[in-house]
Amino acid sequence: MLFDVFTILPEVFPPYLESSILQRARQRGLIDVRVHNIRDYTHDKHHTTDDTPYGGGGGMVMKPEPVFEAIESVLGLASHLSKPQPVPVILLTPQGRVFNQRVAEELARYERIALLCGRYEGVDERIREHLVTDEISVGDYVLTGGELPALLIIDAISRLIPGVLGDPEGAQDDSHSMGLLEYPHYTRPPEFRGWSVPEVLLSGDHGKIERWRREQALLRTQQRRPDLLEKAVLTERDREFLRKEER
Ligand SMILES: C[S@@+](CC[C@H](N)C(=O)[O-])C[C@H]1O[C@@H](n2cnc3c(N)ncnc32)[C@H](O)[C@@H]1O
């Protein structure tokens, strides 16, 4: 999968992309991240990418010309409108739809996506109206720029791409992927400061372990995120377990 990132701060990306799982995924050709500096698409001496807002007020606004030129020349003039698979041009903005595991799964189906990182007060509205095809927020808080949101989205999507995680089943049980929070994990030693690993995990009985994990996931979700249970796919056995726990 190819990610094209458009930013005025390209230097913030390499440290994260050149580490651990994403570095291996890039080396193995499973993902490719191309970071494009919007300043390279300016034509004035100072490489200006922002200007004061019409109507006054504080802060600066990202100018439309370099952003249009950068995205159009990288994607090809009409490529994000082309068939059969258009390239979504995603603006990172606190005003967008909120990113979650479902959105990550939806975006992981594309072969290529473009991520536009705003700065200052954000981008000129004509970019949003005439260039961008989707708007994503990473939560109800405001950051100084779209670079961390872009990395966050690249990370969440990449781990869904087959082969990126060492264990092919690794992502299946993760919190949110099945609509529940994940069960607790333990590793060696079996006892630490008097705190023991639950017996069942040492039993070697895979059926029992699976059931225990399912119940722990149900319990955690009930205690911490009961809102998720409303949409989760539950068996009759799951419901019975939750009813018993409630009593
Ligand atoms: C200071 S913010 C601009 C906020 C804007 N004035 C507003 O109130 O909607 C600068 C840039 O950071 C990015 N950003 C900040 N918070 C974000 C969030 N929660 N999700 C995604 N991007 C965010 C966006 O790219 C945004 O253009």
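The following legends describe close-up views of one predicted model.

Residues are numbered from 1 along each chain as its sequence is written. Because the model is predicted, local features need pLDDT of at least 70 and side-chain atom pairs count only at pLDDT 80 or more, whereas totals for chains, interfaces and linings use all residues.

**Figure 1. Overall dimensions and secondary structure of the chain.**
The chain contains 10 helices and 9 strands; helices (H or I, at least four residues) and strands (E, at least two) are DSSP runs, numbered from the N terminus. Its C-alpha atoms fill a box of roughly 70 × 45 × 40 Å along the principal axes. The radius of gyration is 23 Å, against a value near 18 Å for a compact globule of 247 residues; the radius is taken over C-alpha atoms, and the globule rule is 2.2 Å times the number of residues to the power 0.38. Of the 247 residues, 24% count as buried. A residue is buried if 20 or more other C-beta atoms lie within 10 Å of its own, exposed if 12 or fewer, and partly exposed in between, with C-beta atoms placed from the backbone.

**Figure 2. The two domains.**
Domain 1 covers residues 2-158 and domain 2 covers residues 191-246, with bounds that come from an automatic or database domain assignment. The C-alpha centres of domain 1 and domain 2 lie 39 Å apart.

**Figure 3. The cis peptide bond at proline 189.**
The peptide bond from arginine 188 to proline 189 is cis, with omega near 5 degrees. Proline 189 belongs to the loop between helix 6 (147-158) and strand 8 (191-192).

**Figure 4. Strand 6 and its partners.**
Of the 6 residues of strand 6, 5 are buried, and the strand is thus described as mostly covered. Strand 1 (residues 2-7) pairs with strand 6 in the parallel sense over 5 bridges; two strands pair if DSSP finds at least two bridges between them. In this pairing, valine 5 stands opposite leucine 115. Strand 5 also runs parallel to strand 6, and 4 bridges join the two. Here leucine 92 stands opposite cysteine 117 of strand 6.

**Figure 5. The shell around the ligand.**
The ligand is surrounded by 19 residues, of which the closest are Leu92, Pro94, Gly118, Gly122 and Gly146; a residue is near a molecule or strand if its C-beta atom, placed from the backbone, lies within 6 Å of it. Strand 5 (residues 89-98) gives the most to this shell, with 4 residues. By class, the shell has 8 nonpolar, 9 polar and 2 charged residues. Ala, Val, Leu, Ile, Met, Phe, Trp, Tyr, Cys and Pro count as nonpolar, Asp, Glu, Lys and Arg as charged, and the others, Gly among them, as polar.

**Figure 6. Two residues with positive phi.**
Histidine 47 is not a glycine, yet has a positive phi of about 50 degrees. Histidine 47 is placed in the loop between strand 2 (32-37) and strand 3 (50-51), and is partly exposed because 14 other C-beta atoms lie within 10 Å. Tyrosine 120, likewise not a glycine, has a positive phi of about 55 degrees. The loop that holds tyrosine 120 lies between strand 6 (112-117) and helix 5 (125-130). With 17 other C-beta atoms within 10 Å, tyrosine 120 is partly exposed.

**Figure 7. Arginine 213 in helix 8.**
Arginine 213 is part of helix 8 (residues 206-224). Arginine 213 has 17 other C-beta atoms within 10 Å and is therefore partly exposed. From C-alpha to C-alpha, arginine 213 and leucine 201 are 9.3 Å apart in space, and in sequence they are 12 residues apart.
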